[in-house]
Each structure stands twice: as structure tokens, then as C-alpha cells.
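The exercises below concern strands, enclosed space and disulfides. Work through each task with the sequence and coordinates open, then compare with the solution.

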Amino acid sequence: MDKRALSAAFGAAVAAVLAVTASASATASAGEVLTTGSAGGPGVAVGDVLSASLATGTQARIATTSGGSTGITCNTSAFTATATANPAAPGTATETVTAHTLSNCTTNITGATGVQSITVNNLPYNAAVTSGGGLTVTAGAAGPIQTTLKVSTILGTSTCVYRAGSLAATPNNADNSLSFSNQLFTKYSGPGTCPASGYFSAKYGPVLDTSQAGSPAVFVN
């Protein structure tokens, strides 16, 4: 092999080594599925508490039909979850939803005069967040996803229990929000004054890691 051929072969070998090294470095620095402060920032630690209230200027709604205007509107709502796994991206991070509240609610359902309370039952729930995808909430060991509504009517108080198989939400890194849209709950028990279905919609944000100093915003990678 002449000097030019040997030099070319050596150059190719060096380029290959550099390419492999760069690829390994990129993989190692890809970061976790959930990060704080920025996309690709410090990873959310297992055990960290994540929380969010309704995004400014929005309300949570439980409509009697998908996308409908009749139902219940809540001006206050929030959730709290704990990170249980946060692998390198791309991947799926998991959380435990420990609290979900809705209050300061009104209704325009025919025959209803007010909303006494809305209680989310059977917590904690399980949640999974997928890179480039969405968030899915599923039932935990305590029982199915369930919500109990106590509504004042012209006939007295109606207790309406609704259940859902799962819930889907869409994360958005632009404002660190999490949006639910027309998620179906079906009546499990209650009198005829309780609508047969409830469609839940709400936008929460920003989602914050309250276990870290300054409660930085959470990003999905």
C-alpha cells in the first residue's frame, strides 16, 4: 500500500471512530423524558412532586355532550403527581397522580340549581408520559377512575357517580401546559337527574416541579 492509500485508510478509520464517539456522546446527553427549566435540561428526579392549576384565563368543564355547552364549569382546579420513573428520551416516564381537585363550580343543566362538590375518588392513579406523544392516566390499585358529583336540584341533592376507563392529555412545551379535551366519563350510579355522560376538558399549566428550588417548569422530551 503506497503512502497515499495508507493515509486515506488511516483518515477513514479516524473519521469512523469520531463518528461513533459523537453518536455515543449524543445518546448519553439526550436527557430524560421529563426535564426542568428547558427541553433537554436537568432531569426530573424520581420522587419529585409535579403540580399545576388551571392555565390563566381558562376553566375546567364537564359537558353533557362532547364539545357541548351544557354541563358544569369550574373556575378552580389543580392536580398533584409524583414522578416514579424518568428514563432517557425517547422513552416513557411514569407518575402517580395523588390529588386532583375541582371547585368553585356552577351548572346550567336543566333542573340543577348548583354544584355542592366534585370529588375525585380512588386516588392515586397511574400516569405515563411518552416522548413525542401524550400523557395517559389509568386506574390505580384503589379502583377505577371515578368522580362523584353532588348537585343541588329542584328535587333535592343528586349524587352522581361517573367512571372512565382512561384519560388522555396533550403536553405542550410552549407554555408547559397539559390539556384534556372531551374525555368521556359514563354514569355509574345516580338518579335520573344525573346526565348519562360527562365530557371533561381542562388546560393545566404551567406544570411545575415543586420539589426543586424555584419550582421550575417541566418539559417533555
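A residue is called buried when its relative accessible area is under 20%. The model used here is predicted.

**Exercise 1.** State how far strand β13 is covered, and identify its pairing partners.

Solution.
1. Strand β13 spans residues 197-204, and six of its eight residues are buried.
2. On the β12 side, β13 runs antiparallel, with seven bridges. Phenylalanine 200 in β13 is the bridge partner of glutamine 183.
3. Strand β3 (residues 60-63) is also antiparallel to β13, through three bridges. Here isoleucine 62 has phenylalanine 200 as its bridge partner.
4. Phenylalanine 200 is thus named in both pairings, with glutamine 183 and with isoleucine 62.

**Exercise 2.** Describe the largest pocket by volume and lining.

Solution.
1. The volume of the largest pocket is about 520 Å³.
2. Its lining has 41 residues, and the closest to the centre are Ile62, Thr147, Leu149, Phe185 and Phe200.
3. Sorted by class, the lining of this pocket contains 28 nonpolar, 12 polar and one charged residues.
4. Strand β9 (residues 145-153) gives the most to this lining, namely six residues.

**Exercise 3.** How many cavities of 30 Å³ or more does the structure hold, and what lines the largest cavity?

Solution.
1. There is one cavity of 30 Å³ or more.
2. The largest cavity encloses about 150 Å³ of space. Among its 15 lining residues, Glu95, Leu178, Val207, Val218 and Val220 are the closest to the centre.
3. At least two lining residues come from each of β11 (166-172), β12 (177-189) and β15 (218-220).
4. The lining of this cavity divides into 10 nonpolar, four polar and one charged.

**Exercise 4.** Find the disulfides and assign the handedness of each.

Solution.
1. Taking sulfur atoms within 2.5 Å as the cut-off, the count is two disulfides.
2. In one of them, the sulfur atoms of cysteine 74 and cysteine 105 are 2.1 Å apart. Cysteine 74 lies in strand β4 (residues 71-85) and cysteine 105 in strand β5 (residues 92-107), 31 residues apart.
3. The S-S torsion of cysteine 74 and cysteine 105 is about 105°, so this disulfide is right-handed.
4. Cysteine 74 is buried at 1% relative accessible area, and cysteine 105 is buried at 14%.
5. Cysteine 160 and cysteine 194 are also joined, with S to S 2.0 Å. Cysteine 160 is in strand β10 (residues 156-164), while cysteine 194 is in the loop between β12 and β13, 34 residues apart.
6. Their S-S torsion is about -80°, so the disulfide of cysteine 160 and cysteine 194 is left-handed. Both cysteines, 160 and 194, are buried.
7. With the bonded cysteines numbered in sequence order, the pairing is 1-2, 3-4.

Terms used:
Residues numbered from 1 in each chain as written. Predicted model: local features only at pLDDT ≥ 70, side-chain atom pairs only at ≥ 80, totals over all residues. Heavy atoms only, no water. 1 Å grid on protein atoms, 1.4 Å probe; cavity = no way out; pocket = protein on both sides within 12 Å on 5 of 7 lines; lining within 4 Å. Points joined across faces, edges and corners; volume = space filled by probe spheres on them. Helix = DSSP H or I, 4+ residues; strand = E, 2+ residues; numbered from the N terminus. Nonpolar A, V, L, I, M, F, W, Y, C, P; charged D, E, K, R; others polar. Buried < 20%, exposed > 50% of the residue type's maximum accessible area, 1.4 Å probe, protein only. Pairing = 2+ DSSP bridges.
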